Amino acid sequence: MAEFSLLEKLTDEQRQEFDALEAAAPDLERRARAAMAALTEEEKAAEAAAKAEPDSEQRERNELRSKAKLGDFLLAALHGRPVAGPSAEYAQSVGVLDGIPVAMFGNAPARREVRADMVSPSPGSNEGVNLAPIFPAIFARALLPRLGVALPQVGSGSYATMTIDTSLTAGSKAKGAAQESTPATLATRSTTAHRVAARLSIAVEDIAVIGTDSFQPMLQENLGLALSNQLDALGISGDPTVTASDPEGLFPQLAAPANAPTTVVDFDGFVAWMAGALDGGPWAERMSDIKGVVNKDTLQLSERTFQSSASYKGEMSAAAYLDARTGGGFMSSSRMPATASTIASTILYRSGTSGLDGVNAMQTATCPVWANLSIDDIYSDSASGIRHFTIAALIGDVLINHADAYQRADLKIA
């Protein structure tokens, strides 16, 4: 009765206000949830930005890197003096006191000036030419990182890794019974530096035609690609027993199969080859945990090997099947050894411990690269106007930290 008496005392204006509040009430919860969701998204964005944002030291280093020029290092070496300016500050910030920081050959901000109307005189002629961008040589994609080989940069001295190679034992025990202790053993592997060099010779007249602004990125791209190509090739197949100066690569360290195959591999043979690397964990629980690397001859055979020899319409080739089952883990590389007679060697890599999206990936093997590149021999043939730029990098042996992650297998392909 009291409620009705209060309602009767409301004015028309108060009734309209209550009606408006009642009409808006169903949306209040939705608006509150929307506001909370928006706030959550903002917090997530802010958190992601904070993680992506480099610290002040890294920002300063990135700024110095954008100002550093490869040409500064080359000119300093040419005149026999230390590098100066932003290039010197950048070298000091990354701890390189002599030579060129490796990062100068990495994914640095592009400095090449590309203009449609860039005109330079051609050698021996007064005619102008429209110079298109200079294209670098093409090399095969790097294989080492795809096989779980870490490439840390080393400042100076030798390099070593240490791995716990004895697993603990565990078991159920009766009340009061003691657990046996497992002696811990550590395996240490070390390497010293091996020099890898790339050399570019160019006439001063050609530098004038190209322009110094274009010469620097050309030198950076071609020498950088040549070095990275050779570093990767040596990291896979380098064999000091064949060439004494080579670092020891991954493949020569893998044990050869006890028996050579005697039957040409067919569809089932290709599947058995890769499925044979499954161990149920910790290294390979399923086919997608395996990467198989072969040479081009083996890949060509797998592409024309089908489930049925009579007809292959509607059927998958062995290559297509393995590629699908491994999520792109079946590949060929020019780094792999050539076919010996009819036998082709392969590498199987069990990548099951690589972590989620590569985060906290297990370093199953390590190949150190020293952090500076040296310049050598830029004075020869100066009387002829020829400049030689020899850039030397230092690479270590591939140190296999977990041998169970790798397996060598041979296939008869003819």
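## Close-ups of a predicted model

**View 1. A buried pair: Arg 335 and Asp 232.** Start with Arg 335, which counts as buried because its relative accessible area is just 5%. Keep in mind as you look around that this is a predicted model. What about Asp 232: is this residue buried or exposed? Asp 232 counts as buried too, since its relative accessibility is 4%, under the 20% cut-off. Side chains of opposite charge can pair when their charged atoms come close. Here, Asp 232 and Arg 335 form a salt bridge, and their closest N and O atoms are 2.7 Å apart. Asp 232 belongs to helix H7 (residues 212–237), while Arg 335 sits in the loop between S10 and strand S11 (343–350), so this salt bridge ties together parts that are 103 residues apart in sequence.

**View 2. More salt bridges to find.** How many salt bridges does the structure hold? The count is five. One of them joins Asp 297 to Lys 296, with 3.2 Å between the closest N and O atoms. Asp 297 is at 25% relative accessibility, so this residue counts as partly exposed. Lys 296 has a relative accessible area of 55%, which means that Lys 296 is exposed. Asp 410 and Arg 408 make a salt bridge as well, and here the closest N and O atoms are 3.4 Å apart. Asp 410 counts as buried because its relative accessibility is 17%. There is also a little network to pick out: Glu 285, Arg 286 and Asp 289 are joined by salt bridges that share partners.

**View 3. Two aromatic pairs and the parts they link.** Searching the whole structure turns up three aromatic pairs. One of these is Phe 267 with Tyr 321, a tilted pair with 5.6 Å from centre to centre and 55° between the planes. Phe 267 is in helix H8 (residues 267–275) and Tyr 321 is in helix H10 (residues 318–326), so to speak two distant parts of the chain, 54 residues apart, that the pair links. Phe 267 has a relative accessibility of 7%, so this residue counts as buried. Tyr 321 comes in at 24%, so Tyr 321 counts as partly exposed. Now move to Trp 273 and Phe 330: their ring centres are 5.8 Å apart and their planes meet at 70°, so this pair is edge-to-face. Why does this pair tie together separate parts of the sequence? Trp 273 is in helix H8 but Phe 330 is in strand S10 (residues 330–332), so the two parts are 57 residues apart in sequence. Trp 273 has a relative accessible area of 7%, so this residue is buried. Phe 330 is also buried, because its relative accessible area is 7%.

**View 4. Thr 326 and its neighbours.** Stay with Phe 330 for a moment: its backbone nitrogen is reached by the side chain of Thr 326 at 3.4 Å. Where is Thr 326? This residue lies in helix H10. Thr 326 counts as buried because its relative accessibility is 5%. Which residues does Thr 326 touch, leaving out those up to four places away in sequence? The answer is Met 274, Met 287, Ser 288 and Ile 290.

**View 5. A nonpolar patch around Met 162.** Head out to the surface now, where Met 162, Ile 164 and Leu 186 form a nonpolar patch. Together these residues have about 350 Å² of accessible area. Met 162 is part of strand S6 (residues 159–164). With a relative accessibility of 56%, over the 50% cut-off, Met 162 counts as exposed.

**View 6. Two backbone details in loops.** First stop: the peptide bond from Gly 281 to Pro 282 is cis, and its omega is near 10°. You'll find Pro 282 in the loop between H8 and strand S9 (290–294). Next up is Ser 341, where phi is near 60°. That is a positive value in a residue other than glycine. Ser 341 has its place in the loop between S10 and S11. Is Ser 341 buried or exposed? Ser 341 counts as exposed, because its relative accessibility is 72%.

Key:
Residues numbered from 1 in each chain as written. Predicted model: local features only at pLDDT ≥ 70, side-chain atom pairs only at ≥ 80, totals over all residues. Heavy atoms only, no water. Patch = residues over 30% accessible without salt bridge, like charges linked within 9 Å, V, L, I, M, F, W, Y side chains within 5 Å. Areas by Shrake-Rupley, 256 points an atom, 1.4 Å probe, with all protein chains shown as cover. Salt bridge = Lys/Arg side-chain N within 4 Å of Asp/Glu carboxyl O. Helix = DSSP H or I, 4+ residues; strand = E, 2+ residues; numbered from the N terminus. Buried < 20%, exposed > 50% of the residue type's maximum accessible area, 1.4 Å probe, protein only. Phe/Tyr/Trp six-rings, centres within 6.5 Å; stacked < 30°, edge-to-face > 60°. Polar contact = N/O pair within 3.5 Å; in protein donor to acceptor, adjacent residues only side chain to side chain. Contact = heavy atoms within 4.5 Å.
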